[in-house]
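Reader: I am new to this structure and should be grateful for a close look at a single part, the surroundings of the ligand. Please define the terms as they arise.

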Amino acid sequence: MSRNADKLRLFVECGLVAGACVTIDRAQAHYLGHVMRRGIGDPLLVFNGRDGEWRARVDALGKGGGALIVHEATRAQSRDSDLWVLFAPVKRTPIDRIAREATTLGASRLAPVLTRHTVARRINTARLRANAREAAEQCGRLSVPEVANPVSLTAAFEAWPAERRLLVADETGAGRAIADVLIALGREDPVPPSAILTGPEGGFEAGELDALGDLPFVIRVRLGPRILRAETAVLSALACWQALIGDWREEGAAAGGR
Ligand code: SAM
């Protein structure tokens, strides 16, 4: 649920058409009524990732849930960036930050990948999904990224779509500068779908980087001359992607950004 009182937005699962009655769950009703002090008849915005954004009004609020009546569309559904973010899980605070900020930076899929040096192996995927959903409500995007269940590094590439390029953030400095790689990718026609992979606090094992480097769809990239924290690396690579081939460019925004 978004905290911006002027643009209170809720993500809902059901279809959105004028006149539809949308039921909301206990947490959403509590937030609307007790946190945002909304009452019957108050307006808000709803979206479901498929039907665009709609203005709705509170129709019922109670301890067990509530109901909204959908009125008019405010924005048509737009295509979000097709960018997957694979990351080795890190501790609770930084992994929550990755879920939130990668969502606001437009990632379409968040996929935790367990590498040899991954320390935080128990991941609360439900909490990551809640972080992503709240960030999507807050930042105004019209979809919530998929948050996949954690898989091993090997399993992550078993059925990898051959056309999707994977930029592996390689802290050893062996990769090519990410900006040059993205500028070259942006010149391809059509621009291939992309993914980014970053390692854990302890970095990738040399054997992992070699095995990744042998995959035909992998490009090892350097994120500058300094060693970044894992979460900084994820978000920096994402920002580069949006700036050079994503919806931070005029044409990128027109083509399908927010
Ligand atoms: N233990 C590693 C070391 O000291 O060399 C640092 C790992 S770093 C904290 C976590 C991850 O961020 C790395 O595995 C890599 O994916 C990414 N990363 C950090 N700095 C990077 C850089 N300058 N270039 C590419 N990737 C980087």
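Author: The following account describes the ligand, its contacts and the pocket it occupies.

This is a predicted model, in which local features need pLDDT of at least 70, side-chain atom pairs count only at pLDDT 80 or more, and totals for chains, interfaces and linings use all residues. Residues are numbered from 1 along each chain as its sequence is written, and side-chain values use heavy atoms, with hydrogens and water left out.

The ligand is surrounded by 19 residues, a residue being counted if one of its heavy atoms lies within 4 Å of the molecule. The closest are Ala 169, Gly 199, Leu 223, Arg 226 and Leu 228. By type, this shell holds nine nonpolar, five polar and five charged residues. Here Ala, Val, Leu, Ile, Met, Phe, Trp, Tyr, Cys and Pro count as nonpolar, Asp, Glu, Lys and Arg as charged, and the others, Gly among them, as polar.

Backbone atoms of the protein approach the ligand at several points, each a polar contact (a pair of N or O atoms within 3.5 Å). At Ala 169, a polar backbone atom is 2.7 Å from an oxygen atom of the ligand. Glu 201 places a backbone N or O atom 3.2 Å from a ligand nitrogen, and a polar backbone atom of Gly 224 is 3.2 Å from a nitrogen atom of the ligand. Taken alone, the ligand exposes 580 Å², and the protein buries 83% of that; these areas come from the Shrake-Rupley method with a 1.4 Å probe.

The ligand takes up the space of the second largest pocket, since a molecule sits in a pocket if more than half of its atoms lie within 2 Å of its grid points. A pocket is an open set of points, on a 1 Å grid over the protein atoms alone, where a 1.4 Å probe fits, with protein on both sides within 12 Å along at least five of seven lines; lining residues have an atom within 4 Å of a point. The pocket has a volume of about 320 Å³, a volume being the space filled by probe spheres set on the points. Its lining comprises 21 residues, with Asp 170, Glu 171, Ile 227, Leu 228 and Ala 233 nearest its centre.

Finally, β13 (218-222) and α7 (230-244) each supply at least two residues of the shell around the ligand, and each likewise supplies at least two residues of the pocket lining. Helices (H or I, at least four residues) and strands (E, at least two) are DSSP runs, numbered from the N terminus.

Key. Polar contact = N/O pair within 3.5 Å; in protein donor to acceptor, adjacent residues only side chain to side chain.
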